[in-house]
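Q: I have a structure open in front of me and would like to learn how to read it feature by feature. Could we go through it slowly together?

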Amino acid sequence: MYKFDRKEYERRMEWFCEARFGMFIHWGLYAIPARGEWVRSFEEMPLDDYMRYFRAFDPKGYDPSAWAKAAKKAGMKYIILTAKHHDGFCLFDSALTDFKSVNTPLGRDIVADFLCAARAEGLKVGLYFSLIDWSHDDFPHYGDRNHPMRNNPLCKNDKRDFNRYLDFMHGQVKELCSNYGKLDILWFDFSYDSLRGEAWRATELISMVRELQPDVIINNRLECSGEGFGSLAEGHPTPYHGDFVTPEQIIPPHGLFDPNGLPVHWESAVTMNSNWGYHAHDYNFKPASMLIRKLVECVSKNGNFLLNVGPDANGRIPDESVLILNSIGEWMSKNAESIYGCGPSGLEKPEWGRITRRGDTLYMHIFDNTIGPLPLYGLSPDEIGSMYMLSSGSEVPASTSWVHSDYPELAFAALGPNPVLPDSVDTVLKVCLQKKGDLNCSQTT
């Protein structure tokens, strides 16, 4: 009988909690029609019609090193690629199918290239793998909620053998865990309706994964999808429980906790625009300022932020995405200390922004300046050891102004007379709490 080992679990998760910020990459044949990664399903496109993109797949700008460098420059610590999405097209050299990148005009094992490039940049690496496969004859077609042929009565399931499909699917996961070196994350997607848990022969699958990749961390989507938390978060971990929860296109309103009050690790997966895969007419890009603040929000709630890019049919990250990544990277180059290895502050969320914390150091993320000195909610004057502007290292004094004399129990920071913050997106004030016998702290950690 499976017994959850909390100590071993937390050991596996250490790097993930330190990293806090990662890149998701959705890329495949769907970049050619450029209408998003669900194009086959949304348009109920027959496989024969979709195969024209397979025959045309020859991205001239494909350069996984450029992807990895963009992630590193943005301050990301890990990077995850779609080894296989729902359409069944494999970006790796699977011996179990011909529907793979090495058989396209590109003729390359994209996963092998990607892992090599990411590791060369010092990034942790992960692979996304779809549990469903619209290209496989034995996966349910007619009547399935998502399959492109769900409404085609000629595609009934009488002769389909789901166990034969599961053998195939398990075999591909085994290939990824056996042929590509150490993996840091396996990101499964996704469970729905009756297809969840043991419907995937999940105990068998994860036993195999753990044997081949003992340190890999796995998300919760063998049990659920973007909605739902999974058995570990619910307090009764199954042998195939997720190591972290995966809210999608939302940041939880609060941190996540199990029934015993223990924090649950989570990662919010978010697109830059409205689609995961490349969409030529989707210009709904979130500004870098918003994404920086959302990264901070995740960390302040003890979560990670997984930000997606969808390279185009030539293999290039869109210019809009590159500009956003560069802007985030510029901010991270000065303020990453307030992100990496940080978590909730244990203090009330201030009106002017958010707070992250590492040990006895608080990072006050100031989004909006205040009238008068900055109130440090939840802190008394005698708790403050020292304060600095994180980006410059310049000391910030505690305020002794008469204007807050009516609030003697509350500490205030004197940011100076300029009403305009040094960084209009997020000015970070580093507050070192006073420890017995130690009235100060270093300006760097």
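A: Let us begin with a single residue: Asn302 has its place in the loop between helix 8 and strand 7 (303-309). Please keep in mind throughout that this is a predicted model.

Q: What is the sign of phi at Asn302, and is this residue buried or exposed?

A: Phi of Asn302 is near 70 degrees, which is a positive value in a residue other than glycine. Asn302 is buried, because its relative accessible area is 16% and buried means under 20%.

Q: Which other residue has a positive phi although it is not a glycine?

A: Arg201 is such a residue, with a positive phi of about 55 degrees. Arg201 lies in the loop between strand 4 and helix 7, and at 17% relative accessibility Arg201 counts as buried. The loop between strand 4 and helix 7 also holds Phe190, and the peptide bond that leads from Asp189 to Phe190 is cis, with omega near -10 degrees.

Q: How should I read two helices that pack against each other?

A: Two packed helices are described by the angle between their axes and by the distance between the axes. Take helix 8 (residues 288-300) and helix 9 (residues 319-335), whose axes come within 9 Å and cross at roughly 50 degrees. That angle makes helix 8 oblique to helix 9, and the crossing in which helix 8 passes helix 9 is right-handed. On the side of helix 8 the contact is made by Ala288, Leu291, Ile292, Leu295 and Val296, while helix 9 brings Ile324, Ser327, Ile328, Trp331 and Met332. Sorted by class, this contact of helix 8 with helix 9 has nine nonpolar residues, one polar residue and no charged residues.

Q: At what angle do the axes of helix 6 and helix 7 cross, and which residues meet there?

A: The axes of helix 6 (residues 162-179) and helix 7 (residues 202-212) come within 10 Å and cross at roughly 15 degrees. Angles under 35 degrees count as roughly parallel, and helix 6 and helix 7 are therefore roughly parallel to each other. Helix 6 passes helix 7 in a right-handed crossing. From helix 6, the residues Met169, His170, Val173, Lys174, Cys177 and Ser178 meet Glu204, Leu205, Met208, Val209 and Leu212 of helix 7. By class, the contact of helix 6 with helix 7 has seven nonpolar, two polar and two charged residues.

Q: What does Gln172 in helix 6 touch, and is Gln172 buried or exposed?

A: Gln172 has its place in helix 6 and counts as buried, at 0% relative accessibility. If we leave aside its neighbours within four places in sequence, Gln172 is in contact with Lys84, Cys90, Phe92, Ser94, Leu96, Thr97 and Phe129.

Q: How do I read a pair of aromatic rings, and how many such pairs does the structure hold?

A: A pair of aromatic rings is described by the distance of the centres and the angle of the planes. The structure holds 29 aromatic pairs. In one of them, the rings of Phe24 and Trp187 have their centres 4.9 Å apart and their planes at 55 degrees, so the pair is tilted. This pair links distant parts of the chain, since Phe24 is in strand 1 (residues 21-25) and Trp187 is in strand 4 (residues 185-189), 163 residues apart. Both Phe24 and Trp187 are buried. Another aromatic pair, formed by Phe129 and Phe188, is edge-to-face, with 6.5 Å from centre to centre and 90 degrees between the planes. Phe129 in strand 3 (residues 124-130) and Phe188 in strand 4 are 59 residues apart, and this pair too links distant parts of the chain. Phe129 is buried, with a relative accessible area of 0%, and Phe188 is buried, with a relative accessible area of 0%.

Q: Where is Gly378, and is Gly378 buried or exposed?

A: Gly378 lies in the loop between strand 11 (374-376) and strand 12 (384-389), and Gly378 is exposed, with a relative accessible area of 56%. Not counting residues up to four places away in sequence, Gly378 touches Leu347, Glu383 and Leu410.

Key. Residues are numbered from 1 along each chain as its sequence is written. This is a predicted model: local features need pLDDT of at least 70, side-chain atom pairs count only at pLDDT 80 or more; totals for chains, interfaces and linings use all residues. Side-chain values use heavy atoms; hydrogens and water are left out. Rings of Phe, Tyr and Trp (its six-membered ring) pair if their centres lie within 6.5 Å; planes under 30 degrees apart count as stacked, over 60 as edge-to-face and the rest as tilted. Helices (H or I, at least four residues) and strands (E, at least two) are DSSP runs, numbered from the N terminus. Buried means under 20% relative accessible area, exposed over 50%, partly exposed in between (1.4 Å probe, protein chains only). Contact means heavy atoms within 4.5 Å. Axes are lines fitted to C-alpha atoms, for helices over the stretch in contact, and angles run from 0 to 180 degrees between N-to-C directions. Angles under 35 degrees count as roughly parallel, over 145 as roughly antiparallel, 65 to 115 as roughly perpendicular and the rest as oblique. A crossing is left-handed if the near helix is turned anticlockwise from the far one by less than a right angle, and right-handed if clockwise. Ala, Val, Leu, Ile, Met, Phe, Trp, Tyr, Cys and Pro count as nonpolar, Asp, Glu, Lys and Arg as charged, and the others, Gly among them, as polar.
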